[in-house]
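Reader: I am new to reading structures. Can we go through this one by asking what each label rests on?

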Amino acid sequence: MRLITVGSVAFDAIETPFGKTDKIVGGAGTFISLSSSFFVKDQGIISVVGEDFPNETLLEMKQRGIDLEGLQIKLGEKTFFWSGKYHNDMNSRDTIITELNVLENFDPIVPVSYQGSDYLMLGNLSPQVQRMVIERLTKRPKLIAMDTMNFWMDIAWDELMKTLALVDLLIINDEEARQLSKEYSLVRAAKKIKELGPKYVIIKKGEHGALLFYGEHIFFAPALPLEEVFDPTGAGDTFAGGLMGYIAQTDDISYENMKRAVIAGSALASFSVEKFGTERLKEITIKDYEKRVQEFVTLTDYRINTL
Ligand code: AMP
């Protein structure tokens with residue numbers, strides 16, 4: 001298997017200034033694996049859902065080459081549910097409801113067929129569960145990437161530190177980077193985070209793009225300026241899935257390739273926000289993706305003569 005994703009497969013209810021949804025399919029693991037399926041056909045997911053989760057979605061995932069042997073279905077139990085409401089600027093949101101349900105006692109079982117995988121993407125989950133997966137793998141993947149959030153910094157700081165020490169790449173947003181490092185400057189924040197374990201750090205700044213830090217290098221990728229942002233839920237996960245899918249497909253963990261992967265992730269994330277949930281990601285083809293990558297190139301392409 002090329003890539004394993006660990007992450008929530010969930011129901012979300014979202015409210016934005018443009019509209020409101022009932023329970024729709026969401027979850028970090030769903031967005032990540034859907035996004036990486038544009039690049040890898042040989043991937044698996046480790047997650048858990050309840051009996052109430054639609055079979056139809058599981059079939060769609062399978063059709064995209066996502067192996068579901070690592071996805072546990074708990075009979076008589078309910079799927080994780082999250083509900084959030086966005087403020088007018090769409091850059092900030094409030095969590096209204098978090099019902100852990102099946103995630104409460106999640107024991108991430110690694111199927112034998114997933115052993116020997118080259119790449120591992122740890123979506124936002126408890127740091128204990130993330131570490132359990134790393135420890136259960138018999139061979140260390142070539143690259144382990146991880147996402148986390150303020151919630152875990154507040155309630156599981158020590159566990160988070162132990163898991164961070166084991167990963168190669170941390171992908172977080174600016175607010176989280178500041179909380180984790182206790183530094184306002186993102187350059188200083190990235191430096192401090194690198195001292196905790198990961199050699200690569202990516203700091204996402206929503207509609208203001210993303211920064212990649214490695215050694216003394218810094219790379220910046222803009223977000224595509226869009227006329228309409230409908231629902232930012234899962235944009236970060238789509239970014240991470242695109243990035244890891246690209247790296248897994250190219251099988252190259254150099255800094256130069258990581259830069260291209262950041263653009264691939266940014267391009268897919270720019271689609272994700274155009275409709276509610278996973279709707280837009282399911283509509284687009286690899287041709288749409290390629291066209292958008294070209295828009296990124298055009299956006300930042302300039303020549304300037306120095307005096
Ligand atoms: P993002 O917009 O990238 O922060 O990701 C949103 C997704 O994360 C939603 O689809 C939620 O289902 C999922 N999510 C929200 N809170 C949690 C949590 N505490 N644990 C796992 N997944 C979560």
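Reader: Which residues does D252 touch, not counting residues up to four places away in sequence?

Author: First, a caution: this is a predicted model. D252 touches Y119, I247, N257 and R260. A contact needs heavy atoms within 4.5 Å.

Reader: Where is D252 found?

Author: D252 is found in the loop between α8 (235–250) and α9 (255–272). The C-alpha atoms of D252 and K142 are separated by 9.4 Å. Along the chain, D252 and K142 are 110 residues apart.

Reader: Why does D252 count as partly exposed?

Author: Look at the cut-offs. Buried means under 20% relative accessible area, and exposed means over 50%. D252 has 27% relative accessibility, so D252 counts as partly exposed.

Reader: What about D251, and why is it called partly exposed?

Author: The reasoning runs along similar lines. D251 is at 33% relative accessibility, which lies between 20% and 50%, so D251 counts as partly exposed. D251 lies in the loop between α8 and α9. D251 is not a glycine, yet has a positive phi of about 50°.

Reader: What can you say about phi of N101?

Author: Phi of N101 is near 45°. That is a positive value in a residue other than glycine. N101 sits in the loop between β9 (93–99) and β10 (119–122). The relative accessible area of N101 is 26%, between the two cut-offs, so N101 is partly exposed.

Reader: Now a helix. Why is Q130 called buried or exposed?

Author: Set the value against the cut-off. Q130 has a relative accessible area of 0%, which is under 20%, so Q130 is buried. Q130 is found in helix α3 (residues 127–136).

Reader: What does Q130 touch, not counting residues up to four places away in sequence?

Author: Q130 touches L122, G123, N124, L125, M146, D147 and T163.

Reader: What makes the pair of Q130 and G123 a polar contact?

Author: The distance is one test. The side chain of Q130 reaches the backbone oxygen of G123 at 2.8 Å. The limit for a polar contact is 3.5 Å.

Reader: How do you know that α1 is mostly covered?

Author: Count the buried residues. Nine of the nine residues of α1 are buried. They are A28, G29, T30, F31, I32, S33, L34, S35 and S36.

Reader: What makes strand β5 largely enclosed?

Author: Eight of the eight residues of β5 (residues 43–50) are buried, so the strand is largely enclosed by the rest of the structure. Q43, I45, S47 and V49 point one way. G44, I46, V48 and G50 point the other way.

Reader: How do you know that β5 pairs with strand β1?

Author: Pairing needs at least two bridges. Four bridges join β1 (residues 3–6) to β5, so these strands pair. They run parallel. The bridge partner of V6 is I46 in β5.

Reader: How many bridges join β5 to strand β6?

Author: Two bridges join β5 to β6 (residues 66–67), so the requirement of at least two is met and they pair. These strands run parallel. Q43 stands opposite I66 in β6.

Reader: Why is strand β12 called largely enclosed?

Author: Four of the five residues of β12 (residues 169–173) are buried, so the strand is largely enclosed by the rest of the structure.

Reader: Which way do β12 and its partner strands run?

Author: Three bridges join β11 (residues 143–147) to β12, and these two run parallel. The bridge partner of D147 is I171 in β12. Five bridges join β12 to β13 (residues 200–204), which also run parallel. The bridge partner of I172 is I203 in β13.

Reader: Which residues are closest to the ligand?

Author: The closest are S8, D12, G27, G234 and D237. In total, 15 residues surround the ligand. They divide into five nonpolar, seven polar and three charged. β2 (10–16), α1 and α8 each supply at least two residues of this shell.

Reader: What makes D12 a polar contact of the ligand?

Author: An oxygen atom of the ligand is 2.4 Å from an N or O atom in the side chain of D12. The limit is 3.5 Å, so this pair is a polar contact. For the side chain of R93, the distance from a ligand oxygen to an N or O atom is 2.8 Å. A polar backbone atom of G234 is 2.8 Å from an oxygen atom of the ligand.

Reader: How much of the ligand does the protein cover?

Author: On its own, the ligand has 510 Å² of accessible area, and the protein covers 88% of that.

Terms used. Residues numbered from 1 in each chain as written. Predicted model: local features only at pLDDT ≥ 70, side-chain atom pairs only at ≥ 80, totals over all residues. Heavy atoms only, no water. Buried < 20%, exposed > 50% of the residue type's maximum accessible area, 1.4 Å probe, protein only. Near = heavy atom within 4 Å. Polar contact = N/O pair within 3.5 Å; in protein donor to acceptor, adjacent residues only side chain to side chain. Areas by Shrake-Rupley, 256 points an atom, 1.4 Å probe, with all protein chains shown as cover. Nonpolar A, V, L, I, M, F, W, Y, C, P; charged D, E, K, R; others polar.
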